[in-house]
Amino acid sequence: MRNTGVQCCACLGSMRILLVITDYGSFNNFLSEVAVRLANTGHEVHVICSKLKVIDCEDKHPYTSMGIIFHYIDFPRSFNVFKQLAASKKINKKISDIHPDLINIHFTTGIFTTLIWRKPPYFLIGTIHGVGYPTVRGLKKLIFLAVEKFCFNKLDQIYLINQFDYNLVKKTYPKKAFKYHSYGVGCDFSRFNPSAITADFKANLRDRLQINDTDFVMAFTGRFVAFKGFDIVVKAMISLIKEYKDIRLLLIGGNDPAHGNGLNGFEENFCKYHPQIVKVGFTADVNIFLSISDLFIFPSEKEGMPVCIMEALAMGVPVITSNSRGCNDLIEDNYNGLLLSERPSITEARNAILKLYHDRQLLRRISENALMKREALNRKMYVEDQVKIYANLMANVA
């Protein structure tokens, strides 16, 4: 292992660790527990990110008073080479000022932007939340392959979060590819705890949303984009509404200007105005809406390790999803959910919904199974994984 500064801090039992992630919202939602744990155990923690809050929720901790140091730099949301180079220069200048012992960069976009100008002379870990090139076609596939190969070549260690990606990358980079023992970044159990939401609260929420006690409630969480199966969910719901007046669909999230949602004009209007479809919008309170849901449906074509599925399982909500990368790491068919084909049809999704709608005993058993296995999804598993990785790196070069 190339030593570029870890050894001197190893003697002191602490490290100067830099976490790089594209935006503040993602840090707050996914990496805050790691940063706090590292800071509390004596490490000096720096974070480079943009001020953008893709996931907009209140700060989980008082980071500044805990000694966590932020450096705000905008990460371009496109592959414009000039913007990427300009951002990369700023990031590398800041890295030189920080002089870290170890850098962990999250997301391919964060890795590419950091490294396109140059590779910083420090030990680099890259956390890939989903390899892109196997999941796209045509020119995009070639672009993704070139970008990801560039990133993989520059990193000292590559960490993957699902089995498919790990098997794929390990073939080419057998000495650099590693897989987290945890289920990705895990689920925040401080929020996604079904026992913390009272029956009265759930009854009031149903009243507010005009959902009857006897209604069968489905939920979809995420960006309203076709590759996450949003259009399949809506079209399946449109076909169900004609016959089943007690089915409700909660749409938690919103459109993404960069990607189409797969709906035509009629379907858009139907989704917007029909009373059996409840538009929640983007919210940090996904847990409360899952608490009144009987079923979570997420037929996505490509994921890293979908946090939304983990959140549903942690709340004891059975999941219908695709037999696709990341999703099938979490769902065992007929145990904690139902697995559709890799690219399911509307009819297939509709039939799966009706299977659980009609068989409430199976629905309850699947819910019970999800709750029995929920501890494996706890974010503390991810935090412990991170701490061990950093400690082992420190020990190996001491």
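**Note on the predicted model**

1. H99 lies in the loop that runs between α3 (81–98) and β4 (102–106), and in this predicted model its backbone merits a look, since H99 has a positive phi of about 55 degrees although it is not a glycine. As for its surroundings, H99 is partly exposed, with a relative accessible area of 43%.

2. A second residue of this kind is F107, which is found in the loop between β4 and α4 (108–115). F107 is not a glycine, yet it has a positive phi of about 75 degrees. Whereas H99 is partly exposed, F107 has a relative accessible area of 18% and is counted as buried because the cut-off for that class is under 20%.

3. On the overall fold, the secondary structure of the protein chain comes to 15 helices and 13 strands. The radius of gyration of the protein chain is 22 Å, close to the 21 Å that the globule rule gives for 398 residues, so the chain is as compact as a globular protein of that length. Along its principal axes, the C-alpha trace spans about 70 × 45 × 35 Å.

4. Turning to burial and contacts, 57% of the 398 residues of the protein chain count as buried. Among contacts in the chain with a separation of 6 or more, 70% are accounted for by residues 24 or more positions apart.

5. With regard to surface and charge, the protein chain exposes about 17,600 Å², and carbon and sulfur atoms supply 53% of that area. The chain carries 49 positive and 38 negative side chains, and the centres of these two sets lie 7 Å apart.

6. Strand β1 (residues 16–23) pairs with β2 in the parallel sense, over six bridges, and within this pairing V20 has I48 of β2 as its bridge partner. Strand β2 itself (residues 44–50) is mostly covered, six of its seven residues being buried.

7. How much of helix α11 (residues 307–314) is buried? Eight of its eight residues are, so the helix is largely enclosed by the rest of the structure. The buried residues of α11 include the charged-type side chain of E311, alongside V307, C308, I309, M310, A312, L313 and A314. Just after α11, G316 takes a positive phi of about 75 degrees.

8. One link between α11 and the strands passes through T221, which lies in strand β8 (residues 216–223) and touches C308, a residue of α11. Not counting residues up to four places away in sequence, T221 also touches I252, V286, F296 and F298. T221 is buried, with a relative accessible area of 10%.

9. N255 lies in the loop between β9 (247–254) and α9 (265–273), and, in contrast to the buried T221, N255 is exposed, with a relative accessible area of 53%. Which residues does N255 contact, leaving aside its neighbours within four places in sequence? They are F224, N261 and F282. N255 and V225 are 30 residues apart in sequence, while their C-alpha atoms are 6.8 Å apart in space.

Methods:
Residues numbered from 1 in each chain as written. Predicted model: local features only at pLDDT ≥ 70, side-chain atom pairs only at ≥ 80, totals over all residues. Heavy atoms only, no water. Helix = DSSP H or I, 4+ residues; strand = E, 2+ residues; numbered from the N terminus. Buried < 20%, exposed > 50% of the residue type's maximum accessible area, 1.4 Å probe, protein only. Contact = heavy atoms within 4.5 Å. Rg over C-alpha atoms; globule rule 2.2 N^0.38 Å. Areas by Shrake-Rupley, 256 points an atom, 1.4 Å probe, with all protein chains shown as cover. Charge placed at Lys NZ, Arg CZ, Asp CG, Glu CD. Pairing = 2+ DSSP bridges.
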